[in-house]
Amino acid sequence: MNISFFFELVGLFGGILLGIDLVPQVFHTIVSNSTKDISLLWQFLHLFGLSMLYSYAIYFNLWSIYIPGSLEIISILILIFYKVKNDGCLSSNNDKNQEV
């Protein structure tokens, strides 16, 4: 086996693990219909970082990154949709003020 192919497989497996890491959160968000503990700022920073990494992977044809990266981008977009839908883009500070 070619060492380059081995590392492509390692990269693909690692990418798949990172690509599915948001699936449990997406499932929980859909089932509970709650996003109060998820930061919108974190979601946008995560999406921005993924977009930059994704464009790098496409430019250099790094399929072991952009295939699982697609799943992660879809997952974060779903979370952003639910955050905006459920919280109306309110920050956690406004939620705390409403509880008092």
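## Report on an all-helical predicted model

In this predicted model, 77% of the contacts between residues at least 6 apart in sequence join residues at least 24 apart. The secondary structure consists of 5 helices and 0 strands, and the order of elements from the N terminus is α-α-α-α-α. Of the 100 residues in the protein, 26% are buried. The protein exposes about 7,000 Å², of which carbon and sulfur atoms supply 70%.

**The nonpolar core**

The largest nonpolar core holds 9 residues: Leu22, Val26, Ile38, Leu47, Leu50, Ile73, Ile76, Leu79 and Ile80. Two elements give two or more residues to this core, namely helix H3 (40-59) and helix H4 (63-87). H4 provides the largest share, with 4 residues. One of the core residues, Ile80, touches Gln43, Phe44 and Leu47, when residues up to four places away in sequence are not counted.

**Packing of H3 against H4**

Two packed helices are described by the angle between their axes and the distance between the axes. For H3 and H4, the angle is about 155° and the axes lie 10 Å apart. Angles over 145 degrees count as roughly antiparallel, and H3 and H4 are therefore roughly antiparallel to each other. Their crossing is left-handed.

The contact between these helices involves residues of several kinds. From H3, the participants include Leu40, Trp42, Gln43, Phe44, His46, Leu47, Leu50 and Tyr54. On the H4 side, they include Ile65, Tyr66, Gly69, Ser70, Glu72, Ile73, Ile76, Ile80 and Lys83. Leu47 and Leu50 of H3, together with Ile73, Ile76, Leu79 and Ile80 of H4, thus appear both in this contact and in the largest nonpolar core.

**Loop residues with positive phi**

Most residues other than glycine have a negative phi. Two asparagines in loops carry positive values, as listed below.

| Residue | Phi | Location |
|---|---|---|
| Asn33 | near 55° | loop between helix H2 (23-32) and H3 |
| Asn61 | about 55° | loop between H3 and H4 |

Asn33 is not a glycine, yet its phi is positive. Is Asn33 buried, exposed or partly exposed? Its relative accessible area is 40%; residues count as buried under 20% and as exposed over 50%, so Asn33 is partly exposed. Asn61 is likewise a residue with positive phi that is not a glycine, and the loop that holds Asn61 joins the sequence between H3 and H4, the two helices whose axes lie 10 Å apart.

Note on methods: Residues are numbered from 1 along each chain as its sequence is written. This is a predicted model: local features need pLDDT of at least 70, side-chain atom pairs count only at pLDDT 80 or more; totals for chains, interfaces and linings use all residues. Side-chain values use heavy atoms; hydrogens and water are left out. Buried means under 20% relative accessible area, exposed over 50%, partly exposed in between (1.4 Å probe, protein chains only). Contact means heavy atoms within 4.5 Å. Accessible areas come from the Shrake-Rupley method with a 1.4 Å probe; for residues, only the protein chains shown count as cover. A nonpolar core is a set of buried Ala, Val, Leu, Ile, Met, Phe, Trp, Tyr and Cys residues joined through side-chain atoms within 4.5 Å. Axes are lines fitted to C-alpha atoms, for helices over the stretch in contact, and angles run from 0 to 180 degrees between N-to-C directions. Angles under 35 degrees count as roughly parallel, over 145 as roughly antiparallel, 65 to 115 as roughly perpendicular and the rest as oblique. A crossing is left-handed if the near helix is turned anticlockwise from the far one by less than a right angle, and right-handed if clockwise.
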